[in-house]
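Visitor: Please choose one part of this molecule and take me through it closely, in connected steps that a beginner can follow.

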Amino acid sequence: MASPMSATLNSQAEFAYGAGHVNPLKAVDPGLVYDANESDYVKFLCGQGYNTAMVRHITGDNSACTSGNIGRVWDLNYPSFALSTASPQTTVNQYFTRTLTNVAPGGYTYRARIFAPQGLHITLSPPMISFNGIGDRKSFTLIVRGTVNQSIVSASLVWSDGVHSVRSPITIVVLTKSIT
């Protein structure tokens, strides 16, 4: 089953939709959030090669890049998943870790659905997560494997408990060098 925001419907896939349509009533009760704080962004920047001076310029505080806080750039606790490759026909094999935070009262069990184009294999561990109450946090790993045959490959992950639905885009972009 193709996602409504797939490359089969629009060649620019996820990049054609921007932030998408926001339903204010559902936004008040999202169920789950990908909660990221300043230290998550500092780890991301340090993992991107920023040095302490650059990070301090951005944060305006005494944040520092140390061996203990250099994060994998793929693990910023952000609701989207993206990676790039240098050329088409490249086989990708990448994992991402994320943490979901329950913001709904009560306990809920979410099941994951993955929408991916043919040739792209996306797996999730665990594929089902149960939360006990507000503030409960659970982590998962998403693994993307396959061969990229287009300039943009688009997929998505949807966590649903039957009431709430949390969608995350997954994109792979082929970066080609232009000759000028």
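Guide: Two strands are said to pair if DSSP finds at least two bridges between them, and with that rule in hand we can look at the pairing around I122. Please keep in mind throughout that this is a predicted model.

I122 lies in strand 5, which covers residues 120-125, and its bridge partner in strand 7 is V144. The two strands that hold these residues, strand 5 and strand 7, run antiparallel to each other and are paired over six bridges. They belong to an open sheet of four strands, whose order across the sheet is 1-3-7-5 and whose pairing is antiparallel. Strand 1 (32-33) and strand 5 are the edges of this sheet, and because each has a single partner strand, one side of each is left without a neighbour in the sheet.

Is I122, sitting in an edge strand, buried or exposed? Residues under 20% relative accessible area are called buried, and I122, at 12%, therefore counts as buried. Its surroundings can be listed once residues up to four places away in sequence are set aside: I122 then touches I114, A116, L142, I143, V144, A155 and I170. Another way to see how the chain brings separate stretches together is to take I122 and L157, which are 35 residues apart along the chain but have their C-alpha atoms separated by 9.1 Å.

The bridge partner, V144, has its own set of contacts, counted with the same exclusion of residues up to four places away: V92, N93, Q94, F96, L120, H121, I122, I170 and I172. V144 is also one of the residues with the most contacts inside the largest nonpolar core, together with F140, L142, L157 and W159. That core has 25 residues, and at least two of them come from each of strand 2, strand 3 (90-102), strand 5, strand 6, strand 7 (137-148), strand 8 (152-160) and strand 9. There is also a second, separate core, made of five residues, among them L45, C46, V55 and C65.

Strand 3, which has just been named as a supplier of the largest core, also contains T99. T99 is buried, because its relative accessible area is 15%, and its side chain makes a polar contact of 2.8 Å with the side chain of S139. Leaving out residues up to four places away in sequence, T99 touches V33, Y34, D35, N77, R137, K138 and S139.

Let us now move to the other sheet, which is open as well and consists of five strands in the order 2-9-8-4-6, with mixed pairing. Its edges are strand 2 (81-85) and strand 6 (128-131), and since each of them has a single partner strand, one side of each lacks a neighbour in the sheet. On average, neighbouring strands here are turned by 15° against each other when direction is ignored. Strand 2 is paired in the parallel sense with strand 9 (residues 165-174) over five bridges, and L83 stands opposite I172 of strand 9. I172 is one of the residues that V144 touches, while L83 lies on the covered face of strand 2 along with F81 and T85. The uncovered face of strand 2 holds A82 and S84.

The second core brings us to the cysteines, since C46 and C65 both belong to it. These two residues form a disulfide, with their sulfur atoms 2.0 Å apart, and the link is left-handed, at -85° about the S-S bond. It joins distant parts of the chain, for C46 lies in helix 2 (residues 38-47) and C65 in the loop between helix 3 and strand 2, 19 residues apart. C46 is buried, because its relative accessible area is 6%.

Helix 3 (residues 52-59) has a contact at its start, where a side-chain oxygen of N51 comes to within 3.1 Å of the backbone nitrogen of A53. After helix 3 comes G60, with a positive phi near 75°.

To set this part in the whole, the chain contains three helices and nine strands, and buried residues make up 33% of its 180 residues. Of the contacts between residues at least 6 apart in sequence, 63% join residues at least 24 apart.

Notes. Residues numbered from 1 in each chain as written. Predicted model: local features only at pLDDT ≥ 70, side-chain atom pairs only at ≥ 80, totals over all residues. Heavy atoms only, no water. Axes fitted to C-alpha atoms, helices over the stretch in contact; angles between N-to-C directions. Buried < 20%, exposed > 50% of the residue type's maximum accessible area, 1.4 Å probe, protein only. Contact = heavy atoms within 4.5 Å. Core = buried A, V, L, I, M, F, W, Y, C linked by side-chain atoms within 4.5 Å. Polar contact = N/O pair within 3.5 Å; in protein donor to acceptor, adjacent residues only side chain to side chain. Disulfide = S-S within 2.5 Å.
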